[in-house]
Amino acid sequence: MSAIQREVVDLIQSQRWATLATLHEEAPATAMVAYAVEAGLDGLLIFLSELGADTRDLLADARCAIAISAPDTGAGDPQLLPRVSLRGLAIPIGRDDEEFSHTGALYARRFPDALPRFDLPDFHLFRFTIEDARFVGGFARASSFTGDQLRQTARELDGDA
């Protein structure tokens, strides 16, 4: 595993707020979303209301992208902030699916204030699975990875490889 792969996985695991890009009426659209990370980077869990266009977009077409950045402190050049763009699919986990209780609990542990929303029927839990990633770590530091490479790195870092 490369140092850059570790940096990408650390960035994804350490943050919780990202930009979600969906296809909305055949045009790109973005929204900010909270996410929780499954072990081994098997997925990023997002919990969204049907009142939002992004949810309806994902229910119509699972293809999407997520952009995650290190926080901007207001100091220095923001172009040097480490960031990663992830492409993949966001598949809904139905409330009657066997894994919903486990994945919902994982999300609620990360965001306890979201727990009451699990009682609202218009909210959907999605698992975003990374297909590929493009990382920019500052000036002249860019790399691309497959989702499998990042999942392997996450498992190695977790000691599960």
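The following dialogue works through several features of one predicted model.

Colleague: What should I keep in mind about numbering and confidence before I begin?

Modeller: Residues are numbered from 1 along each chain as its sequence is written, and side-chain values use heavy atoms, with hydrogens and water left out. This is a predicted model, in which local features need pLDDT of at least 70 and side-chain atom pairs count only at pLDDT 80 or more, whereas totals for chains, interfaces and linings use all residues.

Colleague: Which residues of helix 2 are buried?

Modeller: Two terms come first: buried means under 20% relative accessible area, exposed means over 50%, and partly exposed lies in between, with a 1.4 Å probe and protein chains only; helices (H or I, at least four residues) and strands (E, at least two) are DSSP runs, numbered from the N terminus. In helix 2, which covers residues 53–60, the buried residues are Asp 54, Thr 55, Asp 57 and Leu 58. They cover an arc of only 160 degrees around the axis, which puts them on the same side of helix 2; the arc is that of the directions from the helix axis to the C-beta atoms. Among the elements that cover these buried residues are strand 1 (17–24), strand 2 (27–34), strand 5 (63–69) and strand 7 (123–136).

Colleague: How many bridges join strand 5 to strand 6, and how many join strand 6 to strand 7?

Modeller: Two strands pair if DSSP finds at least two bridges between them. Strand 5 and strand 6 run antiparallel and are joined by seven bridges, with Arg 63 having Leu 89 in strand 6 as its bridge partner. Strand 6 and strand 7 also run antiparallel, joined by 11 bridges, and here Val 84 has Phe 135 in strand 7 as its bridge partner.

Colleague: Which side chains of strand 8 point to one face and are buried?

Modeller: Along strand 8 (residues 142–146) the side chains alternate, so to read it one follows the two faces: Ser 143 and Phe 145 point to one face and are buried, while Ala 142, Ser 144 and Thr 146 point to the other and are not. Strand 8 is joined to strand 7 by five bridges, and the two run antiparallel; Arg 134 stands opposite Ser 144 in strand 8. In the hairpin of these two strands, which has five residues between the strands, Gly 138 takes a positive phi near 125 degrees.

Colleague: Where does a positive phi occur at a residue that is not a glycine?

Modeller: Most residues other than glycine have a negative phi. Glu 25, which is not a glycine, has a positive phi of about 50 degrees, and Glu 26, likewise not a glycine, has a positive phi of about 65 degrees. Glu 25 is found in the loop between strand 1 and strand 2, as is Glu 26. Glu 25 counts as exposed at 72% relative accessibility, and Glu 26 is exposed with a relative accessible area of 82%.

Colleague: What span should helix 4 have, and which of its residues are buried?

Modeller: The expected span of a helix is 1.5 Å times one less than its number of residues. The 12 residues of helix 4 (residues 147–158) should span 16 Å, and its end C-alpha atoms are 16 Å apart, which agrees. Its buried residues are Gly 147, Leu 150, Arg 151, Thr 153 and Ala 154. Seen down the axis of helix 4, these buried residues fall within an arc of 160 degrees, so they line one face of the helix. What covers them includes helix 1 (3–14), strand 7 and strand 8.

Colleague: How many salt bridges does a search of the whole structure find?

Modeller: Side chains of opposite charge can pair when their charged atoms come close. A salt bridge is a side-chain nitrogen of Lys or Arg within 4 Å of a carboxyl oxygen of Asp or Glu, and a search of the whole structure finds seven. One of them joins the side chains of Glu 38 and Arg 127 (2.6 Å, N to O). Glu 38 lies in the loop between strand 3 (36–37) and strand 4 and Arg 127 in strand 7, so the pair ties together parts that are 89 residues apart in sequence. Both Glu 38 and Arg 127 are buried, and with Glu 99 they are linked in a network of salt bridges.

Definitions and conventions: Contact = heavy atoms within 4.5 Å.
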